[in-house]
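Me: I would like to learn how to read pockets and cores in a protein model. Can you take me through one?

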Amino acid sequence: MKVSCEIVRDLLPLYYDDVCSSESRTTVDEHLLECDTCKKYLDSMSGDFIQTNGEKTAEQAKSNILKGIKKKLLRKNVMISVISVICAITVLFGGFSLVFHYQTPIPYDNGLVNVKMGDNGMVDVSFNGDDYYCSYQWIMPIEKDGIKKYVVYIYYTDTIWTRNFSKPQTDKQYKYSINNKASFDFDDGNGLIEVKKDISAVYYLNYKDSKMSTKELQEIPSKAVLLWKK
């Protein structure tokens, strides 16, 4: 049976994709042998398919480029995020250290510190402020008229937290005793021998410098506040 060109053209897409029945394929084959117009139409479909493949290849290339750019941007964003987190942690840690641990010396005010000789012969030091972060002391030997004595230099420090946010602890005693004894080993087989220190004065330093030399400390009495003298 002879079929029209319109019917064949309707079948050509199925024919080209090889999804038509064997009878339809035979019919189209027979028609193409006799109809140049339909054959050219089939050839044009092949050309369109090749062009579509080319376009697909170009689109795939563009897609690959975009994927590469996205990967680079992703890596960049990840690096930026990691750096941001590290910077944030650094800032937080630095802020924490600044608020809670950065020490500044507490300047002396009348009544800030009391010093007295205790019943046990120890020199007792009491802090009367609201709060402090840490206390420091140096014990320096001095020799006068052939007699060795000791001078004690003390100071207290606070932080932003203890200065501005820490609540006064009325039930807490800020007190410590300065040891007026030292242990020496004279290597005579008797072990350590305890020798009494003769503490003659206690001074308050109005500044902090843990790198002061012995000479600088010996010159401090003219710059420090005398708290107690024997």
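Reply: We go through the pockets, then one aspartate, then the cores. Keep in mind that this is a predicted model.

Me: How do I read a pocket?

Reply: Start with the general idea. Rolling a probe the size of a water molecule over the atoms shows where empty space is left. Then look at volume, lining and residue class. Here the largest pocket has a volume of about 280 Å³.

Me: Which residues lie nearest the centre of the largest pocket?

Reply: They are I142, K144, K149, S200 and K229, out of 13 lining residues. Strands β4 (134-144), β5 and β9 (199-204) each give two or more residues to that lining.

Me: What is the lining of the largest pocket like by class?

Reply: Count 7 charged residues, 5 nonpolar and 1 polar.

Me: And which residues line the second largest pocket?

Reply: The list is I106, L112, F127, G129, D130, D131, D158, T162, R163 and S166. By class, that gives 4 charged, 3 polar and 3 nonpolar residues. The volume is about 170 Å³.

Me: Let me pick D158 from that list. Is D158 buried or exposed?

Reply: Compare the relative accessible area with the cut-off. Buried means under 20%. D158 has 9%, so D158 is buried. In sequence, D158 belongs to strand β5, which covers residues 147-158.

Me: Which side chains make polar contacts with the side chain of D158?

Reply: There are two to note. T104 pairs with D158 at 2.9 Å, side chain to side chain. R163 also meets the D158 side chain through its own side chain, at 3.0 Å. R163 lines the second largest pocket along with D158.

Me: What else is in contact with D158?

Reply: Skip the neighbours within four places in sequence. Then the contacts are Y102, Q103, T104, I106, Y133 and R163.

Me: Now the cores. Which members of the largest nonpolar core touch the most other members?

Reply: Read a core as a network, and look for its best-connected members. In this core of 28 residues, they are V113, I154, Y156, V202 and Y204. Strands β2 (113-117), β3 (123-127), β5, β6 (174-178), β9 and β10 (225-229) each supply two or more residues. The largest share, 7 residues, is from β5.

Me: What does I154 touch?

Reply: Leave out residues up to four places away in sequence. I154 then touches V113, V125, Y136, Q137, Y176, V202, Y203, Y204, L205 and L227.

Me: What does the second core include?

Reply: This separate core has 12 residues, among them L12, C20, L42 and M45.

Key: Residues are numbered from 1 along each chain as its sequence is written. This is a predicted model: local features need pLDDT of at least 70, side-chain atom pairs count only at pLDDT 80 or more; totals for chains, interfaces and linings use all residues. Side-chain values use heavy atoms; hydrogens and water are left out. Helices (H or I, at least four residues) and strands (E, at least two) are DSSP runs, numbered from the N terminus. Buried means under 20% relative accessible area, exposed over 50%, partly exposed in between (1.4 Å probe, protein chains only). A polar contact is a pair of N or O atoms within 3.5 Å; within protein, one must be able to donate a hydrogen and the other to accept it, and residues adjacent in sequence count only if both atoms are side-chain atoms. Contact means heavy atoms within 4.5 Å. On a 1 Å grid over the protein atoms alone, a cavity is a set of points where a 1.4 Å probe fits but cannot get out, and a pocket is an open set with protein on both sides within 12 Å along at least five of seven lines; lining residues have an atom within 4 Å of a point. Grid points are joined across faces, edges and corners, and a volume is the space filled by probe spheres set on the points. Ala, Val, Leu, Ile, Met, Phe, Trp, Tyr, Cys and Pro count as nonpolar, Asp, Glu, Lys and Arg as charged, and the others, Gly among them, as polar. A nonpolar core is a set of buried Ala, Val, Leu, Ile, Met, Phe, Trp, Tyr and Cys residues joined through side-chain atoms within 4.5 Å.
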